[in-house]
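Opened the notebook for a quick pass over the ligand sites and one of the sheets. Jotting things down as I go.

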Amino acid sequence: MKVILSPGEIRGTVTANPSKSAMQRAVAAALLSNGRTLIHNPGFSNDCLAALEVAENLGARIRRVGEDIEITSNGVKPFYDTINCGESGLGIRMFTPIAALADLAITINGHGSLATRPMDFFEQVLPQLGVQCSTNQGKLPLHIKGPLQPKDITIDGSLSSQFLTGLLMAYGAVAENATITVKDLKSKPYIALTLQLMEQFGVKVEQRNFEQFRFGKKQAYRAGEYTVEGDWSGAAFLLVAAAVAGKAEVHHLNTQSAQSDKAILQALEKAGAHIMPGVFTVIVEKGGLQAFDFDATDCPDLFPPLVALAANCNGTTKIKGVSRLAHKESDRGKTLQEEFGKMGIRIELMGDEMLVHGGTGIKGAGVHSHNDHRIAMACGVAALTADKPVVIDNAEAINKSYPEFFEHLQKIGASLTREEAAVKN
Ligand SMILES: O=C(O)C1=C[C@@H](OP(=O)(O)O)[C@@H](O)[C@H](O)C1
Ligand SMILES: C=C(OP(=O)(O)O)C(=O)O
């Protein structure tokens with residue numbers, strides 16, 4: 001699908017989409033519980049749908065009850081010897097240790113960008129926990145055979161926090177007097193989100209400085225009701241759209257959330273946007289925007305909306321943490337440089353820093369998402385202040401996290417048309 005977005009002012013109100021980070025974790029916790037969990041405000045992005053399918057294949061019964069999702073489970077009891085995590089990095093890194101709780105040999109696969117993302121962590125770590133594991137030279141598919149036996153272990157957290165999320169979730173179901181020690185953990189707030197969710201499902205982990213995670217007496221996940229929060233990662237694009245092109249009010253955003261990407265508020269403030277945060281609503285209005293410095297090491301998903309913001313700020317914005325982007329859905333530092341370059345915005349990559357030379361004018365152009373949802377959304381926001389329309393190719397990439405994104409942009413006043421790709425016979 002191509003989306004053609006015309007420049008123009010925006011003004012309006014919209015409700016944030018459900019957080020895929022929270023939804024996928026809740027699905028996993030429901031699978032690990034005994035009994036019936038009701039998930040309110042569920043997400044239906046591709047990553048969330050993949051999580052539901054994985055949970056079903058690992059033994060949960062899932063049905064839609066009105067607006068909610070009901071998950072009934074009796075712990076991990078796989079129905080099949082193969083699971084597919086779609087394109088979700090979190091999905092595969094979280095469900096692999098969970099699937100390893102069973103003693104069945106299981107093949108774990110995925111598609112699209114997930115096929116190119118590193119998985120060698122599992123080959124190094126799972127055998128230490130009694131799980132046989134092999135990969136295709138560090139890539140998919142994974143072959144595992146459990147059962148996982150928790151014990152004291154030390155892991156490297158520098159590539160991604162998602163592996164730790166998976167281990168924590170799996171340990172939560174079976175561990176007794178065991179400690180996970182992590183060196184050089186990145187994306188720490190995502191671990192805070194994992195611990196918060198585990199606690200909501202009845203499993204408490206003692207943590208010290210995000211370096212040690214201690215499990216004491218054996219615990220069990222408790223089925224119950226869970227409401228998925230609005231997604232700060234997706235809403236960041238709407239808030240930036242407001243900051244550069246008008247005004248918007250976004251509902252269902254918890255300013256006390258553990259989600260790392262609520263840090264977009266700090267960046268918007270530094271850039272000079274007007275912000276009116278409530279408890280569950282955020283209003284942002286355009287201001288005279290100036291270049292800013294921001295460290296996105298622990299909130300790497302903010303890079304794309306930050307670049308769309310920085311392109312509209314006078315001066316050179318410095319964003320730290322580029323090395324975190326190499327293994328996302330695309331090599332995002334380079335993709336942003338290439339696609340914003342087509343729109344006349346010069347981006348330099350200097351070691352771990354990105355320099356965005358903003359305020360020079362955004363040009364209408366044809367851009368490509370590289371099958372990366374956050375690149376499609378960043379280009380969509382950049383189009384609002386371009387001199388001519390921007391044509392985004394492969395715009396359906398948004399379905400990974402935020403299928404409603406272009407509708408939401410329209411709802412707050414953006415003018416866009418869609419062109420479906422011709423079907424080949
Ligand atoms: O746990 C999560 O929900 C996520 C963790 C982050 O990954 P890293 O820990 O690899 O940075 C983030 O980029 C990803 O989109 C979602
Ligand atoms: C990198 C992302 O997700 P994941 O790693 O879960 O695929 C993302 O949503 O930007």
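My notes on two ligand shells and one sheet follow.

Entry one, ligand 2. I kept in mind that this is a predicted model. I listed what surrounds ligand 2 and got S88, G89, L90, D301, K328, E329, R374 and S401. Sorted by class, that shell has four charged, three polar and one nonpolar residue. Then I asked which domains give residues to the shell around ligand 2. Domain 1 (2-17 + 230-419) and domain 2 (20-217) both do, so ligand 2 lies between them.

Entry two, ligand 1. Here I found S21, L90, S160, S161, Q162, T165, K186, S187, Y190, P300, D301 and R324 around the ligand. I sorted the shell around ligand 1 too: six polar, three nonpolar and three charged residues. Domain 1 (2-17 + 230-419) and domain 2 (20-217) each supply at least three residues to the shell around ligand 1. I noted that L90 and D301 are listed around ligand 1 and also around ligand 2.

Entry three, the sheet. I traced four strands in an open sheet, ordered β18-β19-β21-β20, with mixed pairing. β18 (293-295) and β20 (346-350) are the edge strands, each with a single partner, so one side of each has no neighbour in the sheet. Ignoring direction, neighbouring strands here are turned by 15° against each other on average. Inside the order, I looked at β19 (residues 315-320) and β21 (residues 353-358): they run antiparallel and are joined by six bridges. I picked T316 and found its bridge partner in β21 to be H357.

Last entry, a helix. I saw α10 (residues 332-342) lying across β20 and β21, at about 160° to β20.

Key
Residues are numbered from 1 along each chain as its sequence is written. Chains are lettered from A and ligands numbered from 1 in the order in which they are written. This is a predicted model: local features need pLDDT of at least 70, side-chain atom pairs count only at pLDDT 80 or more; totals for chains, interfaces and linings use all residues. A residue is near a molecule or strand if its C-beta atom, placed from the backbone, lies within 6 Å of it. Ala, Val, Leu, Ile, Met, Phe, Trp, Tyr, Cys and Pro count as nonpolar, Asp, Glu, Lys and Arg as charged, and the others, Gly among them, as polar. Domain bounds come from an automatic or database domain assignment. Two strands pair if DSSP finds at least two bridges between them. Helices (H or I, at least four residues) and strands (E, at least two) are DSSP runs, numbered from the N terminus. Axes are lines fitted to C-alpha atoms, for helices over the stretch in contact, and angles run from 0 to 180 degrees between N-to-C directions. Two residues are in contact if their C-beta atoms, placed from the backbone, lie within 7 Å.
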